[in-house]
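User: I am new to this structure and would enjoy a close look at one part of it. Could you walk me through that part and then show how the rest fits around it?

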Amino acid sequence: MQLIKSIMSLLLLVSSYSYSYSQDLVIVVNKNNSINELSKNEVIDIYMGRYMTFPDGKSAKPLDLPANSKLKSDFYLKLVNQSEQKINAYWARVFFSGRAKPPESVESIDDALNQLKDSEFGIAYIPESKLTDTVKVVYRLNED
Amino acid sequence: MLFKYIMALTFFVTCISSSVKADDLNIDFSGFATLSMSYSDDPDIAFSSNYLNNSEAGFSFKRDSILGAHVNVTLNSDWDAVAQVIYQDRSSTYFNDFLELGFLRYRPQRNWTVRAGRINSDLFLLSEYTNVGYAYLWARPPHAYYSFASTVGNYDGMDVEYNSQINNGFLRIKLGLGQTTAELIAGGEDLSITFDDLYTLSAVYLKNQWTFRVAASKSNFSNFKSTAFNYLMDGLNSLDPTNTWPQPAQLASEFEARNHTMNYSALGVVYDDMNWLIQAEIGSVESDWMVTPSNVNGYISVGYRINEVTYYSSFSVAKNTKDTPKMLSSEALPYLPEHYQLAAEELIRQTNYALSRTIVDQKSINLGANWHYSDTLVLKMQADHFMLESSGGNLWGLNSQINIDAEHDVNLISVNANWVF
């Protein structure tokens with residue numbers, strides 16, 4: 001009985017951790033970017049290749065976390081209610097039509113933060129807990 | 001010719017543009033491929049995926065197999081260029097017919113895009129990626145719909161696109177003009193048709209899981225090349241020594257492409273969420289040219305995803321919308337010399353056969369599964385059942401010995417592997 005309670009507690013802990021982790025995704029840009037806020041549609045426009053620029057007309061360079069990672073999966077689920085495999089098919093359509101290139105894939109959250117630090121064109125999604133003073137939040141995925 | 005100048009001018013302007021900096025230049029190479037094996041169960045009725053491809057009966061590795069190379073050259077944030085070449089079992093073997101895309105693009109503002117060169121027509125939901133099997137659900141784009149679409153999948157010209165956020169959705173409007181020549185196989189005959197003064201207008205609206213599309217185009221036919229039709233027209237034009245039988249000359253003139261136009265309109269809708277992919281398109285061809293009669297075609301497809309596999313089923317239909325004329329014998333024919341009678345009767349038979357081969361009247365259903373095996377590989381299995389109505393086999397290669405007035409049922413099994421790389 002004790003063993004079952006322990007397993008239940010562990011499962012609860014894991015699920016609550018993953019739940020809070022997924023709830024904390026924020027969209028960030030270089031702190032020198034003139035954009036201070038984006039709407040969800042504006043984030044979709046950039047990440048789905050509809051616009052190549054931020055709303056102010058400056059180039060946008062979206063970054064993707066590693067393929068098949070939970071964060072990437074959560075991001076697209078929350079952003080456009082799509083699985084990663086559907087996102088892959090979507091990008092095959094958009095890319096081979098010549099319309100746009102998919103977000104550049106980075107190796108890790110730290111890699112994304114490093115790239116954002118060096119480029120005011122970059123935009124990325126990270127857990128809120130990983131925020132640094134080199135970036136600023138322009139949208140929170142749990143806002144809607 | 002006008003568009004060659006536009007291409008050359010645009011390229012020149014791009015090359016000398018002082019805004020092109022070495023740091024901005026970026027070249028991406030990529031590709032896609034489909035390896036397909038399929039079996040069609042009627043040896044007298046040969047299947048091809050669209051008008052551009054050769055048709056085959058029985059086993060085939062060539063029907064849907066394709067190899068594509070894609071290069072995107074980014075010059076700076078405003079200018080880029082795209083080229084795409086494919087290899088497929090097409091009736092034409094000229095390089096020009098394998099160049100799918102080759103355009104320069106300029107984005108003067110966030111909401112505006114201008115392209116010049118060889119561009120995709122954007123008249124259909126799949127018109128921008130018809131060759132990329134990885135990108136769509138089925139073993140091939142719906143046959144009844146995309147066989148017609150293949151003739152104007154791309155064109156040489158230019159287009160202007162405007163994008164905007166409207167009512168929390170995304171609107172894209174595109175106006176294009178140009179020309180294209182389709183080297184195709186229709187009704188088992190090699191044909192070449194030029195679509196001149198091709199104007200296209202399309203609008204796409206994306207909101208949440210929905211995509212709505214409407215498109216229209218207008219073009220003039222010209223430069224029709226067909227050995228079989230040329231023989232037929234020559235024969236018809238020489239068939240009235242008595243000046244009492246006007247129909248042969250009239251039919252010959254109606255086989256001529258000059259002064260004939262085609263209007264095309266299409267509607268499409270997609271619902272695409274985590275698990276469901278529902279898609280439908282309907283298109284209408286209005287043509288006053290007898291070789292490409294007016295028709296309506298469309299399909300509906302429903303797919304449901306369970307883990308890595310999406311199961312789907314589709315229904316598609318294509319049908320002429322106007323009656324096809326028949327060539328009738330002349331009352332004077334029995335009074336003419338016997339050798340003339342025999343030649344005339346043979347010409348009447350051939351003309352009526354050619355007229356029948358312009359008819360499309362088919363329905364099909366399919367069942368299939370699409371397995372997302374990895375991020376770069378999708379495997380598909382699909383079973384199609386086609387029902388060809390009497391004389392309705394325009395999209396098929398028919399053995400000349402079979403009775404085209406009979407109805408035919410054809411089953412097709414396909415297994416595909418689709419890569420992107």
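Here is the part that I would like to understand. In which strand does B:Tyr311 lie, and with which residues is B:Tyr311 in contact, leaving aside its neighbours within four places in sequence?

Analyst: Happy to help, and a few words on reading the model come first. Residues are numbered from 1 along each chain as its sequence is written, while chains are lettered from A and ligands numbered from 1 in the order in which they are written. This is a predicted model, in which local features need pLDDT of at least 70 and side-chain atom pairs count only at pLDDT 80 or more, whereas totals for chains, interfaces and linings use all residues.

Now to your residue. B:Tyr311 lies in strand E15 of chain B; helices (H or I, at least four residues) and strands (E, at least two) are DSSP runs numbered from the N terminus. B:Tyr311 counts as partly exposed because it has 14 C-beta neighbours inside 10 Å. For that label, a residue with 20 or more other C-beta atoms within 10 Å of its own is buried, one with 12 or fewer is exposed, and partly exposed is in between, with C-beta atoms placed from the backbone.

Leaving aside neighbours within four places in sequence, the contacts of B:Tyr311 are B:Gly303, B:Tyr304, B:Ile306 and B:Ala369. Two residues are in contact here if their C-beta atoms, placed from the backbone, lie within 7 Å. B:Asn370 is 59 residues away from B:Tyr311 in sequence, yet the two are 6.4 Å apart in space, C-alpha to C-alpha.

The strands on either side come next. E15(B), residues 309-320, pairs with E14(B) in the antiparallel sense over 12 bridges; strands pair if DSSP finds at least two bridges between them. Across this pairing, B:Tyr299 has B:Ser316 as its bridge partner, and B:Ile300 stands opposite B:Phe315. The hairpin of E14(B) and E15(B) has 2 residues between the strands, and B:Asn307 takes a positive phi there, near 55°.

E15(B) also pairs with strand E16 (residues 360-372) of chain B, again in the antiparallel sense, over 11 bridges. In that pairing B:Val317 has B:Lys363 as its bridge partner. One step further along, E14(B), residues 295-306, pairs antiparallel with strand E13 (residues 276-287) of chain B over 10 bridges. B:Tyr304, one of the contacts of B:Tyr311, stands opposite B:Trp276 in this pairing.

How far can you trust this region? Within chain B, confidence is highest in E15(B), at a mean of 97, and lowest in helix H1 (residues 2-16), at 50. These values are pLDDT, the predictor's confidence in each residue, from 0 to 100. Chain B as a whole has a mean pLDDT of 88, with 93% of its residues at 70 or more. Over residues 16-22 of chain B, pLDDT stays under 50. Where pLDDT is low, the predicted coordinates should not be read in detail. The model scores ipTM 0.82 and pTM 0.86.

Chain B also has a partner. Here 26 residues of chain B are in contact with 22 residues of chain A. Strands E1 (26-40), E4 (66-74), E6 (99-109) and E8 (154-166) of chain B each supply at least two residues of the side that touches chain A.

Chain A has 5 helices and 5 strands. An open sheet of 5 strands in chain A has the order E3-E2-E4-E1-E5, with mixed pairing. Strand E3 (104-105) and strand E5 (135-140) stand at its edges with a single partner strand each, so one side of each is left without a neighbour in the sheet. Inside the sheet, E1 (residues 25-30) and E4 (residues 122-127) of chain A run antiparallel, joined by 5 bridges, and A:Ile27 has A:Tyr125 as its bridge partner.

A:Ile27 appears again in the largest nonpolar core, which has 115 residues; A:Ile27, A:Val28, A:Ala92, A:Ala124, B:Tyr134 and B:Ala135 have the most contacts inside it. Such a core is a set of buried Ala, Val, Leu, Ile, Met, Phe, Trp, Tyr and Cys residues joined through C-beta atoms within 7 Å. B:Tyr134 has contacts in both chains, including A:Ala89, A:Ala92 and B:Phe32.
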